[in-house]
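Work through the exercises below with the structure open beside the text. Each task is followed by its solution in steps.

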Amino acid sequence: MSTIHSEVTATSTTTQSDVAESRKGTQKLEALQKEEKWAQQKWEDERIFEVDAPAPGEPSPPKFMGTFPFPYMNGLLHLGHSFSLTKLEFACGYERLQGKRVLFPFGFHVTGMPIKACADKLKKEIEMFGEDFSGYVAANDEPADAAPKEESVDPTKIVKKHGKAAAKKTGLTYQFQIMRSMGIPNEEIKLFADAKHWLYYFPPGTREDLKDFGLSVDWRRSFFTTDVNPYFDSFVRWQFNTLHKRADPKVKYGERYTIYSPLDGQPCMDHDRASGEGVGVQEYTGIKLQVLMNELTVTGVERDLVKGVPVGQALTTPEFQKALAGRNLYLVAGTLRPETMYGQTNCFVGVDIVYGIYAVNDKEAWVCTPRSARNMAFQKLFGEPGTMKKLGEVKGIDLVGVPLNAPLSKYERVYTLPMEGVLANKGTGVVTSVPSDSPDDYITLQDLKKKAAYYNVQPKWVEPFADSFPSIIRTPNYGDRAAEAAVKKFKINSQKDKLQLTEAKAEVYKEGFYQGTMIIGNHAGKTVQEAKPLIRDELIAQGLAFPYCEPEGMVMSRSGDECVVTLAPQWYIDYGEEGWKKLATLCLADMETYSPETRHQFERTLDWLNQWACSRSFGLGTRLPWDPKYLIESLSDSTIYMAYYTVAHMLQGGVLDGSKRGSGNIGAEQMTDEVWNYVLLNGPMPETTSIPKETLEKMRREFEYFYPLDVRVSGKDLVQNHLTFFIYNHTAIFPQSKWPKGVRVNGHLLLNGEKMSKSTGNFMTIKDALKVFGADATRFALADAGDGVEDANFLEKTADDAILKLYTEREWIEENLAAIKEGGKKLLRTGAYTWNDRVFAAELDKLVADTDAAYKLTWYREALKLAFYEMTTARSEYRKATTGATGAGSSAVQGDSYEGMHVELVLRYIELQTLMMSPITPHWSEYIWSQLLHKPESIKKALWPKQTGTPDEGLLAAAAYIRGLGSKIRSAEDQAARKEKKKKSNAAAAAITTPTSPAEPRLRLFVASSYPAWQDAAITILKSTYKDGVFAGTEKQLLAAAGLMKNKAVMPFVAGIKSAVEADGPAAFERKLAFDEVATLESNLDFVRRELSVLKIKDVELVKAEEVKEDGKFAAEDVRKADMATPSQPTYRIV
């Protein structure tokens, strides 16, 4: 078998040579990659990630099992996969440091149509162009973008966003071109015409990529799906038998609406689609508006004209009347609001749309768009499924003015009118008009009334209806005529005000459905929610309407077919059934979802998710055990396979297809339903099995130890199908103790701020990233990309910078470890801790605690910030304070002596950073841990570091105070210098002279031990207005009564204290410092002086502000400065 090409592929945004040039060489990258290979080999040799359940009598440590949805293997994994993967990878690294036995298994999905469809395309292309595709002549391959999908306005439907589909577009027409773009040699592409070749090409290659990425997977448990793997096949058959044989079967058979590919001849579910993933079925009520043909064909009466042509002339020609053959003719309109049909005043058509006229039977013919007719044909509305008899066609303009009879309308006759914006690709292209409750209909009717001649309509078709239409629904905020009220509210002037109309329509429809009450008809007095289904059923029963469905948006199958909605008998899983839904809701309530957005998304999905077709006629997969002519579709065989991971290594011996027996020496044929029941459901010992009892017990122990699943990590787009199916199926099959404990989802990954897309070239595979950045730098940038459910951003610059950062940090560690070994060169020392030592030790302890908290919350960006950036900052501050060094090329203040860094703290820093970074950059950490620190065991067996004590918050506050002091003084001096320069800017250059500074300037630092009396008085007053967490708002009057308002500084000061109290609680009233300010300064006067070396300060004099008086020793300026000092805010003067 050939391996996937190692060159950076054509779809990458970055090439290795470009990066090498920008880096001025790849030596640092190559050094890190060398240590990555070393670490990976070490882990493999030591079988670090291979874990089993404890044997009887062994200690049973806590466990952690996490999984990632197995990726579909019709190509290489990209950075988006790795982004989601790292959320679990980082969690596994952290949980391992907590002493848990961590299981991270990984499988490969090959079920379904995508691989089969791609293989079939290649077969056709080989026939067209030859095995080497030399017969292909280059052309413009850029496909046209599909028309945008308009969102549903049904308030009961969840609108799903489909950002993933755009990223799947390659911009390439032919499958062989896509294969080339993956780096597959031209001479090998022909092999992929066999669908099975994909199974033995991409999964093994992907496994190698993930190993190179450093993924901590137990690869013994890996497999790919379908009946090619007989062990997994037996598991899926058991799963479906279990669902089907329940007292309340979850798998049922019957007619239902589903997305369907006529070309493929089977349902087209999410994973079978080239575009339209997540698009569901939109259900309408088809309203039949009968054409009053007798009024069009009556003789001796002059008909109205439209553009000089008699109304309905196209419908009265002898040719059409012959084809119509006496059938009644109906315009059929698809509506989401059948309860409003009482208010019909007309119907609308698009004047430029071409409508078809189709025979329904020998009594009726319907007018609608060809697209909707195609859907109707597969819903048996025209008789034989998939067939339709077209009698003719007509443009919308030819229907304008045609009289109609509208069901439930109070009018005997309404007319067909023109409307802007009627879509041919949504609904039937015919729109029934209810101006009382549709802002679009209301404003269009007003437009036609005002501009009848412009729109080619007769006033009598419009004016009697434009203002006298009936009221249908009463709402609390919009009254009985919601549309008219909304048009006024949103200031809509015409049907061209699309944005306002969209907003008004959504608000009116939502309020009407949820808060409206019917005020007309047989169901007056009932709520709209109650009346809607009743009115719909009555219309259908009377033959005035029919159920009609279509895809919510464009769906293209992977075979290139535009999909429809069909009504067909099929096997389906009964999601949404009330009793089952309650169990799923109960499971969700106990699950950790890591964000409220994820929980809400699950709740919304549980609200709308309904029956799901689970069978198809062909493709790859497992056959339904009781009806083997059908295959189980790809989202249905992937709901509980996480349980299969627990025993997979005992069944299949390290091979993905199960062609070799595993450690249990079990044949696939031995894995009967009874055996699976024993292992996974605590069932009775199988009576007829030949599997040894000890083996069965070990399998059960594996499952019982590792299950339930602790977390499933995925992209957020899978909540609407796979992840909710995952919850449902677990509740149907397993006891509550084995239900999943958590799901963590993330947003999509942007690449350099833009959507990843093969067609634009803004795309990168994991393989490419590993070549360009190496594993740890890629992981570093993925951690930095973001953590929430919003889209994250992978920056190539961050990954590139990470190479330098990791290499430089490793160099520093090597240098200092060498210095320690040599006996304390480079200002290293032992002995008692100094103030700086104690500060650094406290900072390390705090960073251990904070990083631990970040990892617990799965905030990996924050963990990276703390474990790397803030750790190195703390180290740099410590180094600066004790050695004077501030970084590369820096030097200490000449002539000064420094205490040096403490050896014990340097070693502790190295160990802490190495451990805390190990979930994110494991190779870098392993190298330092094993090669530089010479630890006896792998870092993968190490534990999370312990704090030496509770961090001294006062000491940390003192350190922050000291470090910020020098910066504040420098900034103030810079500002003063700029102000002085500006003041003199109008003087002649020659006249400007620099003020003479003292030969050896000293800094006089004024430190106050108490606050000004007016501040204390203001706080006392403010406290008196604060009760039960709320300010009364009377402080101004009280401050004025106390005479404090004369001071302009009072109100800004009070506002600041109020904000602090509102943010931090009443403790903010107390302004006592957490440290001794004078003692802190006295211990650090040398540090302050060094920080001010740029000002040439030779000495720092500490003065208590309360002792400053104009007495000869201090000048008036000293007194002024001292008066301005407050605790933690010293003032200064350079003398």
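A strand here is a DSSP run of E with at least two residues, and strands are numbered from the N terminus. The model is predicted.

**Exercise 1.** Find the element that holds Arg 273, decide whether Arg 273 is buried or exposed, and find what its side chain reaches.

Solution.
1. Arg 273 belongs to strand β5, which covers residues 273–275.
2. The relative accessible area of Arg 273 is 2%. Buried means under 20%, so Arg 273 is buried.
3. At 3.0 Å, the side chain of Arg 273 reaches the backbone oxygen of Cys 268.

**Exercise 2.** Describe the largest nonpolar core and the surroundings of Trp 198.

Solution.
1. The largest nonpolar core contains 117 residues.
2. Phe 106, Trp 198 and Phe 202 have the most contacts inside this core.
3. Leaving out residues up to four places away in sequence, Trp 198 touches several residues, including Met 73, Ile 115, Leu 122, Met 179 and Phe 192. Asn 74 and Gln 175 are also among them.
4. Apart from the largest core lies another core, of 73 residues, among them Trp 580, Leu 609, Leu 696 and Leu 709.
5. As background, nonpolar side chains in soluble globular proteins tend to be buried together.

**Exercise 3.** Classify the ring pair of Tyr 94 and Trp 944, and locate both residues along the chain.

Solution.
1. The count of aromatic pairs comes to 71.
2. For Tyr 94 and Trp 944, the ring centres are 5.6 Å apart and the planes stand at 75 degrees.
3. Planes over 60 degrees apart count as edge-to-face, so this pair of Tyr 94 and Trp 944 is edge-to-face.
4. Tyr 94 is in helix α3 (residues 79–97), while Trp 944 is in the loop between α31 (922–932) and α32 (953–983). The two are 850 residues apart, and the pair links distant parts of the chain.
5. Tyr 94 and Trp 944 are both buried.

**Exercise 4.** Do the same for Phe 773 and Phe 794.

Solution.
1. The distance from centre to centre is 6.3 Å, and the angle between the planes is 55 degrees. The pair of Phe 773 and Phe 794 is tilted.
2. Phe 773 is in helix α25 (residues 766–773) and Phe 794 in strand β29 (residues 792–794), 21 residues apart.
3. Phe 773 has 3% relative accessibility and counts as buried. Phe 794, at 0%, is buried too.

**Exercise 5.** Which ring does Lys 288 lie over, and which ring does Lys 935 lie over?

Solution.
1. Lys 288 lies over the face of Tyr 330, 5.1 Å from the ring centre.
2. Lys 935 lies over the face of Trp 929, 5.0 Å from the ring centre.

How values were computed
Residues numbered from 1 in each chain as written. Predicted model: local features only at pLDDT ≥ 70, side-chain atom pairs only at ≥ 80, totals over all residues. Heavy atoms only, no water. Helix = DSSP H or I, 4+ residues; strand = E, 2+ residues; numbered from the N terminus. Buried < 20%, exposed > 50% of the residue type's maximum accessible area, 1.4 Å probe, protein only. Polar contact = N/O pair within 3.5 Å; in protein donor to acceptor, adjacent residues only side chain to side chain. Core = buried A, V, L, I, M, F, W, Y, C linked by side-chain atoms within 4.5 Å. Contact = heavy atoms within 4.5 Å. Phe/Tyr/Trp six-rings, centres within 6.5 Å; stacked < 30°, edge-to-face > 60°. Lys NZ or Arg CZ within 6 Å of the ring centre and 35° of its normal.
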